[in-house]
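User: Please take a close look at the interior of this model, meaning its enclosed cavities, its open pockets and the nonpolar packing around them. I would like one connected account rather than a list.

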Amino acid sequence: MSEHKHFRYLLPPGTNFQFVAKFKAWIWLSVLLSVATIAILFFNKSHRGEYMNWTIDFKGGTEVTVAFKDKSGTYLDVDAAKLRAAFDAAKEHVELSGLQWSAKDANGKEIQIKGAIVRTTRFSALKAEDTDASSTDVTNAFKDKGIIKAAWTGDRLNIRSKQLIPEFDVGPVLAKHGLEPKPWTAQEQGQFSHPDEGTLEYNQWYSVYGLDRQYEQILEKALPGTEIDIVQVDGVGAKAGDKLRDDAAKSIIYAIFLIMLYLAFRFDIRYAPGAAFATIHDAIMVVGVFALTWTEVSLTTVAGLLTVMGYSVNETVIGFDRIRENEAKLKDKSIERIIDVSINERLSRTIMTASTVFATTLVMNIFGTGLVKNFAFAMNVGVIVATYSSIFLAAPVFLWITKKWYSGAPVRRRVAVSASSVAPEKVSSEDAADE
C-alpha cells in the first residue's frame, strides 16, 4: 500500500477572498497616489529645477571615451568598479560603462581595446556653483592689481585690471576650484601684456582645460602608474535630449494604444479599457517613485518602464483569460462572483511569478551598478505595482463596463418578453385589427 504524500500549497485550495467588495477603496487609493505623483513632479520643478533627475540622455552633456595603458604602451583592461570609485571619491557624479573597440597598433596589427565611456550632464569644466566663488577669489587675490572686472564666459575667465596679472599667478587661485589654466600662446602673450591705449587697462583672457583634462587627472590619481588616454570627447546638446525625451513619451503612448488594440481582438472591447488603465497607472507609479527618490532617469529607465508595461499586460491578460473561462463555466453566477472566483484561482500563481521576478531584479538592484541598477530599480517598483493593478484596477474597470453596458437582457428580447406576458384579452382592438 503506497504512502499518501501531502503537497504543500502557498495558498490552500478553495480560498475565497472577497476582492470585489474592496474594489472601490483600491480605486480611490490609486487615484490619490496618481495625484501625489503629479504633486511630486511639480515640487521637484519648483525646488530642484527639473521634474525628474534627467541624465545626459535627456538633458545633454559630455561623453568622454578613455583608454588605459601601462608604461610600455600596452593597453590595459581596468575594472569599471575602480573607475566609479575614483569619480565618487572626487565627488563627480557621472555615468560610467565599459566599452570595447578595435584599432591597429604601430605594426598594423588589429587589437582589441577595452576602455570606458564617462558621461556627465556637465558641459564645462567650470561648475555652476564655482562660477561666482572663483571670480570672487581672483578679485580678492589680486586687489593690489586694481581689478575692475573678473567674469566667466564659458571656459574663459576675463579680467580687466589696472596692472598686468601674469598667467602663472592666476593658476594657483583657480586650482582651488579644480581648474587648470592653459598657457598663453606667443600671440596671446603679446596681446594681453600691453594695456589699451585709450583706457590704459589690461584686458586679459585665461582659458582653462576642459572636462577631459579634469577626468584624466582624477583617473591618474586613482590609478598610479597607468597612462590615461583620452580617445574622444563628444557633446550632446540639450535639443537632442529634448527630442529623446519626446520620443520616449511617444513610445509609451504607442505601447498603450497597441495594448488596447491587442486586447480588443484577443478578448473583446470590454477588456481593453481596464488593461489600458492599469498600464497607465503602473507607468505613473514608476515615474512617481523615480521622482520621489530623485533617481536618475535615462534611456535605460525608459526600457525598464516599457518592460514593466509588458509585465503588467501579461498579468492582466492572465487574469482576464481566467475571467472569460469562468464566464462560460459559471453561467449561473453573478459577474461579481465570477471575478472573485477567478482572482482566487490565479492568486497563488500571481504571487509566485511576482516573487520570482522581484527577487531576481532585487539582486540586480543591490549588487548591480550603473545602468543595470537603474533598470533593476524600475523593475522592482514595476513588479509590485503591476501585480497590484492587474487585480485591483483592471478587474474593477472591466466590472464597471460590464454592468454599465453589458448587463441585462438584450433590448429585442426584453420587448418580446414583455409582449408575451400580456394576456390575450388585454390586447386592444386596434392591435387585433393590425394583425
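Analyst: What follows goes from the cavities to the nonpolar cores, then to the pockets, and ends with a few single residues.

The model is a predicted one, and every value below is computed from it. Two cavities of 30 Å³ or more are counted, and the largest of them has a volume of about 40 Å³. Its lining is made up of T316, G319, F320, I323, I343, R346, S390 and A395. The elements that contribute two or more residues to this lining are helix 10 (299–329) and helix 11 (335–367), and helix 10 has the largest share, with four residues. In terms of class, the lining of the largest cavity consists of four nonpolar residues, three polar ones and one charged one.

The second largest cavity holds about 30 Å³ of space, and its lining is formed by G178, L179, E180, Y209, G210, R213, Q214 and Q217. Here the classes divide into two nonpolar, four polar and two charged residues.

F320, which lines the largest cavity, also belongs to the largest nonpolar core, a set of 28 residues in which F23, F320 and I339 touch the most other members. At least two residues of this core are supplied by each of helix 8 (238–266), helix 9 (272–293), helix 10, helix 11, helix 12 and helix 13 (394–405), with helix 11 giving the largest share, five residues. When residues up to four places away in sequence are set aside, F23 touches I339, I343, I391, F392, A395, P396 and L399. Of these contacts of F23, I343 and A395 also appear in the lining of the largest cavity, while I339 is itself one of the residues that touch the most other members of the core. Another core lies apart from this one, with 27 residues that include V286, V302, M309 and V383.

Turning to the open spaces, the largest pocket has a volume of about 620 Å³. Its lining comprises 23 residues, and those nearest its centre are M52, W54, I252, V287 and L305. Two or more lining residues come from each of helix 1 (23–48), helix 8, helix 9 and helix 10, and helix 9 gives the most, with six residues. The lining of the largest pocket counts 19 nonpolar residues, three polar residues and one charged residue.

The second largest pocket contains about 480 Å³ of space, and of the 20 residues that line it, H93, V94, E296, G370 and K373 are the closest to its centre. The elements giving two or more residues to this lining are helix 3, strand 3 and helix 12, and helix 12 gives the most, with five residues. By class, the lining of the second largest pocket has five nonpolar, nine polar and six charged residues.

Helix 12, which gives the most to the lining of the second largest pocket, spans residues 370–392 and includes N380. N380 has a relative accessibility of 5% and therefore counts as buried. The side chain of N380 makes a polar contact with the side chain of N365, at 3.1 Å. With its neighbours within four places in sequence left aside, N380 is in contact with F358, T361, L362 and N365.

Two residues in loops complete the picture. K91 lies in the loop between helix 3 (80–89) and strand 3 (95–104), and those two elements each give two or more residues to the lining of the second largest pocket. Although K91 is not a glycine, its phi is positive, at about 60 degrees, and K91 counts as exposed because its relative accessibility is 73%. L200, in the loop between helix 6 (186–192) and strand 7 (202–207), likewise has a positive phi of about 60 degrees without being a glycine. With a relative accessible area of 57%, L200 is exposed, whereas N380 is buried.

Key. Residues numbered from 1 in each chain as written. Predicted model: local features only at pLDDT ≥ 70, side-chain atom pairs only at ≥ 80, totals over all residues. Heavy atoms only, no water. Buried < 20%, exposed > 50% of the residue type's maximum accessible area, 1.4 Å probe, protein only. Polar contact = N/O pair within 3.5 Å; in protein donor to acceptor, adjacent residues only side chain to side chain. Contact = heavy atoms within 4.5 Å. 1 Å grid on protein atoms, 1.4 Å probe; cavity = no way out; pocket = protein on both sides within 12 Å on 5 of 7 lines; lining within 4 Å. Points joined across faces, edges and corners; volume = space filled by probe spheres on them. Nonpolar A, V, L, I, M, F, W, Y, C, P; charged D, E, K, R; others polar. Core = buried A, V, L, I, M, F, W, Y, C linked by side-chain atoms within 4.5 Å.
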